[in-house]
Amino acid sequence: MANSLQARKRARQADKRRNKNASQRSMLRTSIKKVVSAVEANDKDAAVSAYKAATPVIDSMVTKGIIHRNMANRTKSRLNVRVRAL
């Protein structure tokens, strides 16, 4: 456990950030899973709308530093390929 006041504060801040990042990452994964499940159900309308909803979520995770820019682009590209294949 941290002993100095400064170290205690940094530990509290790290805990807050870890919880927030985990929540954001969970939201990202949920939005991706919605697109994938709609594609697997062969529901084109739901897949397109889920993809349109997931794209800004993915982009916002890049600006918040949750995922890397290249990972976001790769994820969006793969989802788009699956949606367009319907």
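This is a tour of a predicted model, going from its helix pairs to single residues and salt bridges.

**Stop 1: helices H1 and H2**

Select residues 5–40, which make up helix H1, and then residues 44–63, which make up helix H2. Two packed helices are described by the angle between their axes and the distance between the axes. For H1 and H2, the axes come within 9 Å and cross at roughly 155°. H1 is therefore roughly antiparallel to H2, because an angle over 145 degrees counts as such. The crossing of these two helices is left-handed.

Now show the side chains where H1 and H2 touch. On the H1 side, select Gln 24, Met 27, Leu 28, Ser 31, Ile 32, Lys 34, Val 35, Ala 38 and Val 39. On the H2 side, select Ala 46, Ala 47, Ala 50, Tyr 51, Ala 54, Val 57, Ile 58 and Met 61. Colour them by class: the contact of H1 with H2 has 14 nonpolar residues, two polar and one charged.

**Stop 2: Ser 31 and Ala 38**

Two residues of this contact deserve their own selection. Begin with Ser 31 in helix H1. Is Ser 31 buried or exposed? Its relative accessibility is 12%, so Ser 31 counts as buried. Leaving out residues up to four places away in sequence, Ser 31 touches Ala 54 and Val 57. Both of these partners are listed on the H2 side of the contact.

Next, move along H1 to Ala 38. Ala 38 has a relative accessibility of 9% and so counts as buried. With neighbours within four places in sequence set aside, Ala 38 is in contact with Asp 43, Ala 46 and Ala 47. To place Ala 38 against another part of the chain, draw a distance from its C-alpha atom to that of Val 81; the viewer should give 13 Å. Along the chain, Ala 38 and Val 81 are 43 residues apart.

**Stop 3: the loop between H1 and H2**

Select Asn 42, which is found in the loop between H1 and H2. Most residues other than glycine have a negative phi. Asn 42 is not a glycine, yet it has a positive phi of about 55°. With a relative accessible area of 61%, Asn 42 is exposed.

**Stop 4: helices H2 and H3**

Keep H2 on screen and add helix H3, residues 69–84. How do the axes of H2 and H3 lie? They come within 10 Å and cross at roughly 175°. H2 is thus roughly antiparallel to H3.

The H2 residues to select here are Lys 44, Ala 47, Val 48, Tyr 51, Thr 55, Ile 58, Asp 59 and Val 62. In H3 they meet Arg 69, Ala 72, Thr 75, Lys 76, Leu 79, Asn 80 and Val 83. By class, the contact of H2 with H3 holds eight nonpolar, three polar and four charged residues. Ala 47, Tyr 51 and Ile 58 appear in the lists for both contacts of H2.

**Stop 5: the salt bridges**

How many salt bridges does a search of the whole structure find? The search finds three.

Start with Lys 76 and Asp 59, since both are already selected as part of the contact of H2 with H3. Their side chains form a salt bridge, with N and O 2.7 Å apart. Lys 76 lies in H3 and Asp 59 in H2, so this pair ties together parts that are 17 residues apart in sequence. Lys 76 is buried, at a relative accessible area of 16%, while Asp 59 is partly exposed, at 31%.

Then select Glu 40 and Arg 82. The closest N and O atoms of this salt bridge are 3.8 Å apart. Glu 40 is in H1 and Arg 82 in H3, so the bridge ties together parts that are 42 residues apart in sequence. Glu 40 counts as exposed at 57% relative accessibility, and Arg 82 as partly exposed at 37%.

Finish with Asp 15 and Arg 18. The closest N and O atoms of this salt bridge are 2.5 Å apart. Both residues are in helix H1, where being three residues apart separates them by about one helical turn. Asp 15 is partly exposed, with a relative accessible area of 34%, and Arg 18 is exposed, with 51%.

Notes. Residues numbered from 1 in each chain as written. Predicted model: local features only at pLDDT ≥ 70, side-chain atom pairs only at ≥ 80, totals over all residues. Heavy atoms only, no water. Salt bridge = Lys/Arg side-chain N within 4 Å of Asp/Glu carboxyl O. Helix = DSSP H or I, 4+ residues; strand = E, 2+ residues; numbered from the N terminus. Buried < 20%, exposed > 50% of the residue type's maximum accessible area, 1.4 Å probe, protein only. Contact = heavy atoms within 4.5 Å. Axes fitted to C-alpha atoms, helices over the stretch in contact; angles between N-to-C directions. Parallel < 35°, antiparallel > 145°, perpendicular 65-115°, else oblique. Left-handed = near helix turned anticlockwise from the far one by under 90°. Nonpolar A, V, L, I, M, F, W, Y, C, P; charged D, E, K, R; others polar.
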